[in-house]
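Here are some notes from a colleague, meant to be read slowly and with the structure open beside them. Please look at the chain as a whole before turning to single residues.

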Amino acid sequence: MKLLFGLVVLFPICLLANAAPPTCYSRMLNLSKEIMDSFNTLQNEEPLEPCVEGLPKLYLDIHNYCVLAKLRDFVASPRCRKVAQVGALKDKVRKLYTIMNSFCRRDLVFLSDDCEALENPIQAPTTVRSQLRSEPKEVPKMFPVTPAAKTSTG
C-alpha cells in the first residue's frame with residue numbers, strides 16, 4: 001500500500017520536472033537552429049528574388065564571438081519588401097541578438113572568435129564532436145607484437 005502511495009505521489013512530480021521552462025542557453029540554441037532552417041528554406045526556393053540573393057551568408061555558431069557582429073550585419077542588410085519571409089527571418093535574428101546581448105549575456109560562453117569560420121564554415125561543431133565520439137580510438141601499443149621466433153632444441 002505504501003508503494004502504491006509513493007508511486008501516486010512521485011508520478012505528478014515527474015510530470016512537473018519535464019514541464020520545466022527552457023534555459024537561456026537552450027533557447028538561444030533552438031532559435032539559432034530555427035533561423036538557420038528558415039534561411040536555408042528561403043535560399044532554396046525556386047523563384048529567388050534579387051533581394052534574397054543579396055542577403056549576407058548566414059551561418060550561426062553561438063559559441064563564436066563574431067556571431068554578434070554577424071547578426072547585426074544581417075539585420076542591417078537592405079529590406080526585401082516583397083518577401084515576407086525575409087522580414088520574419090530578420091525579426092528572429094533581431095530576437096536572437098537581443099537574447100544573446102541582454103538577457104542571457106552571463107550564461108553564454110564564447111569558445112572562439114574566428115570570424116572566418118562564420119563566413120566559410122567547414123563543418124558544424126556538433127558534427128565534429130559526434131564524429132570524434134563515434135570513431136574507435138586506436139590504443140597505442142607499448143610493445144610491438146612480433147611472431148614467435150622458432151627455437152631449435154636438440
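The points below go from the confidence of the model to its helices, its core and one buried lysine.

1. Please keep in mind that this is a predicted model, and that the mean pLDDT of the protein chain is 74, with 65% of the residues reaching 70 or more. Over residues 124-134 the pLDDT stays under 50, and the model has five contacts beyond four places in sequence for this stretch. Residues 139-146 also have a pLDDT below 50, and here the model shows zero contacts beyond near neighbours in sequence. Where pLDDT is low, the predicted coordinates should not be read in detail.

2. As for secondary structure, the protein chain has seven helices and zero strands. Of its 154 residues, 23% count as buried, and the chain exposes about 12,000 Å², of which carbon and sulfur atoms supply 61%. Among the contacts with a separation of 6 or more, 69% join residues that are 24 or more positions apart.

3. Which residues have the most contacts inside the largest nonpolar core? They are Met 28, Ile 35, Leu 60, Leu 96 and Met 100, in a core that has 28 residues. Two or more residues of this core come from each of α2 (24-44), α4 (67-76) and α5 (84-103).

4. Helix α5 deserves a closer look, and its 20 residues reach 27 Å from the first C-alpha to the last, which is close to the 28 Å expected at 1.5 Å a residue. Its buried residues are Val 86, Gly 87, Leu 89, Lys 90, Val 93, Leu 96, Ile 99 and Met 100, and the buried residues of α5 pack against α2, α3 (50-53) and α4. Taking Leu 96 as an example, and leaving aside its neighbours within four places in sequence, one finds it in contact with Met 28, Leu 31, Ser 32, Ile 35, Leu 60 and Leu 71.

5. Is Lys 70, a residue of helix α4, buried or exposed? Lys 70 counts as buried because its relative accessibility is 8%, and the cut-off for buried is under 20%. A polar atom of the Lys 70 side chain lies 2.9 Å from the backbone oxygen of Lys 57. Not counting residues up to four places away in sequence, Lys 70 touches Lys 57, Leu 58, Tyr 59, Leu 118 and Glu 119.

Conventions. Residues are numbered from 1 along each chain as its sequence is written. This is a predicted model: local features need pLDDT of at least 70, side-chain atom pairs count only at pLDDT 80 or more; totals for chains, interfaces and linings use all residues. Side-chain values use heavy atoms; hydrogens and water are left out. A nonpolar core is a set of buried Ala, Val, Leu, Ile, Met, Phe, Trp, Tyr and Cys residues joined through side-chain atoms within 4.5 Å. Buried means under 20% relative accessible area, exposed over 50%, partly exposed in between (1.4 Å probe, protein chains only). Helices (H or I, at least four residues) and strands (E, at least two) are DSSP runs, numbered from the N terminus. Contact means heavy atoms within 4.5 Å. pLDDT is the predictor's confidence in each residue, from 0 to 100. Accessible areas come from the Shrake-Rupley method with a 1.4 Å probe; for residues, only the protein chains shown count as cover. The expected span of a helix is 1.5 Å times one less than its number of residues. A polar contact is a pair of N or O atoms within 3.5 Å; within protein, one must be able to donate a hydrogen and the other to accept it, and residues adjacent in sequence count only if both atoms are side-chain atoms.
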